[in-house]
Amino acid sequence: MWFGMNHSAISNITWRFIESVEERAICHLKWPSPEEMATIKTRFDKVYGLPNCCGAIDTTHILMCSSAQPNSKVWLDNENKNSMVLQAVVDADLRFRDVVSGWPGSMDDTCILRTSGLYRLCEKGLRLGGQMELPGGSAVREYLVGDASYPLLPWLMTPYREHGLQAAKVEFNKRHTAAAAVVQTALATLKGRWRVIQGELWRPDKHRLPRIIFVCCLITNIIIDMEGTPSRDELVSGNHDLGYKQQFSDAADDNAIKQRDDLSRHVDNAIKRRDDLSHHVTAGE
């Protein structure tokens, strides 16, 4: 018993709090407005050199005690652990912009993506449908950055994986990795901050757990909205999915292949222009 209350009473109070936050604070976790999206794209371009980038996407596993789901393998993931998966899109300030959870650990990242509302909206052009023209005339659609576990899509840029990459592609991968780190840091900090989703959860209610995860993301956003981008001291670095191997997807859309190549050339040209400017400035001194 805690504070003279039994487990049932604490559970009921906790659930009433979860429901209250969902009802009253939902406005703190939403897809960006056009004005907010413009600011987000400017941040990703200025900090990482990736024009028209709208955020980063990744998944993480919320572990559950094996006895929580008896006689069921659907929750058993590739690492032989029982888990529930959270998929999240994060902006440059580590604010959660789209989250979905409840999927069993047996599903991989690509499968979770393709069953999400985010995927359906983006495929229909209702999200991430805006385009910009790069110097030289190439059109680039709004996109997220995601790791190699995701398919390469016009609205989802993944890194190059082949060996012997040209310098432009190496530079693209470097910037892609730096930009994608925002969601990895956000997920590691989420798990580090909220004890309710830390470690291996003891017999969680799998119907309620997605809403608990959602509220953890929601309160994280409230803190950012009130206090601004977290300082380094407030962040948790490192792997948010310790013990899990990197997944890989070979799926690639032809238009996405061209767009990624256009972006890599843009990055390379931007570096050359910067170096030329630096050379002229130095020569004039």
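## A strand covered on both sides

Let's start inside the fold: strand S6, which spans residues 143-146, is covered on both of its faces. On one side sit Tyr143 and Val145, on the other Leu144 and Gly146, and all of them are buried. Keep in mind that this is a predicted model.

What about the neighbours of S6? Strand S1 runs parallel to S6, and three bridges join the two. Within that pairing, Cys53 has Tyr143 of S6 as its bridge partner. S6 also pairs with strand S7 (residues 156-157), again in the parallel sense, this time over two bridges. Here Leu144 is the residue that stands opposite Leu156 in S7.

## The second largest pocket

Strand S1 turns up again at an open site. Covering residues 53-64, S1 gives the most to the lining of the second largest pocket, namely three residues. The volume of this pocket is about 290 Å³. It has 15 lining residues, and the ones closest to its centre are Asp58, Asp147, Asn239, Asp241 and Gln246.

What kinds of residue make up that lining? Nine are polar, five are charged and one is nonpolar.

## Two enclosed cavities

How many cavities of 30 Å³ or more does a search of the whole structure find? The answer is two. The largest cavity holds about 60 Å³ of space, and the second largest holds about 40 Å³.

Take the largest cavity to begin with. Its lining is made by Leu94, Phe96, Ala186, Thr189, Leu190, Arg193, Thr220, Ile224, Pro230 and Leu235. Sorted by class, that gives seven nonpolar residues, two polar ones and one charged one. Helix H5 (167-193) and helix H6 each supply at least two residues of this lining, with H5 giving the most, at four residues.

Now for the second largest cavity. Around it you'll find Arg193, Ile223, Ile224, Glu227, Gly228, Pro230 and Glu234. Here H6 gives the most, with three residues. The classes come out as three nonpolar, one polar and three charged. If some of these names ring a bell, that's fair: Arg193, Ile224 and Pro230 line the largest cavity and are also listed for the second largest one.

## Helix H6 and the residue after it

Since H6 contributes to the linings of both cavities, let's follow it along its length. H6 runs over residues 209-227, which makes 19 residues. From its first C-alpha to its last it reaches 27 Å, close to the 27 Å expected at 1.5 Å a residue.

Just after H6 comes Gly228, with a positive phi of about 90°. Gly228 is also one of the residues lining the second largest cavity.

## Two leucines with positive phi

Leu94, already met in the lining of the largest cavity, has a backbone detail of its own. Its phi is near 70°, a positive value in a residue other than glycine. Leu94 lies in the loop between strand S2 (83-90) and strand S3 (96-104). Is Leu94 buried or exposed? It counts as buried, because its relative accessible area is 9%, below the 20% cut-off.

Leu128 is another case: it isn't a glycine, yet its phi is positive, at about 55°. You'll find Leu128 in the loop between helix H4 (117-123) and strand S4 (131-133). With a relative accessible area of 3%, Leu128 is buried too.

## Two glutamates to look up

Glu36 belongs to helix H2, residues 34-48. Its relative accessible area is 26%, so it is partly exposed. Which residues does Glu36 touch, not counting those up to four places away in sequence? They are Lys30, Trp31 and Arg97.

Glu133 has its place in strand S4. At a relative accessible area of 60%, Glu133 is exposed. Leaving out residues up to four places away in sequence, Glu133 touches Ser138 and Ala139. Its C-alpha atom is separated by 9.6 Å from that of Asn52, although the two residues are 81 residues apart along the chain.

Note on methods. Residues are numbered from 1 along each chain as its sequence is written. This is a predicted model: local features need pLDDT of at least 70, side-chain atom pairs count only at pLDDT 80 or more; totals for chains, interfaces and linings use all residues. Side-chain values use heavy atoms; hydrogens and water are left out. On a 1 Å grid over the protein atoms alone, a cavity is a set of points where a 1.4 Å probe fits but cannot get out, and a pocket is an open set with protein on both sides within 12 Å along at least five of seven lines; lining residues have an atom within 4 Å of a point. Grid points are joined across faces, edges and corners, and a volume is the space filled by probe spheres set on the points. Ala, Val, Leu, Ile, Met, Phe, Trp, Tyr, Cys and Pro count as nonpolar, Asp, Glu, Lys and Arg as charged, and the others, Gly among them, as polar. The expected span of a helix is 1.5 Å times one less than its number of residues. Buried means under 20% relative accessible area, exposed over 50%, partly exposed in between (1.4 Å probe, protein chains only). Two strands pair if DSSP finds at least two bridges between them. Contact means heavy atoms within 4.5 Å.
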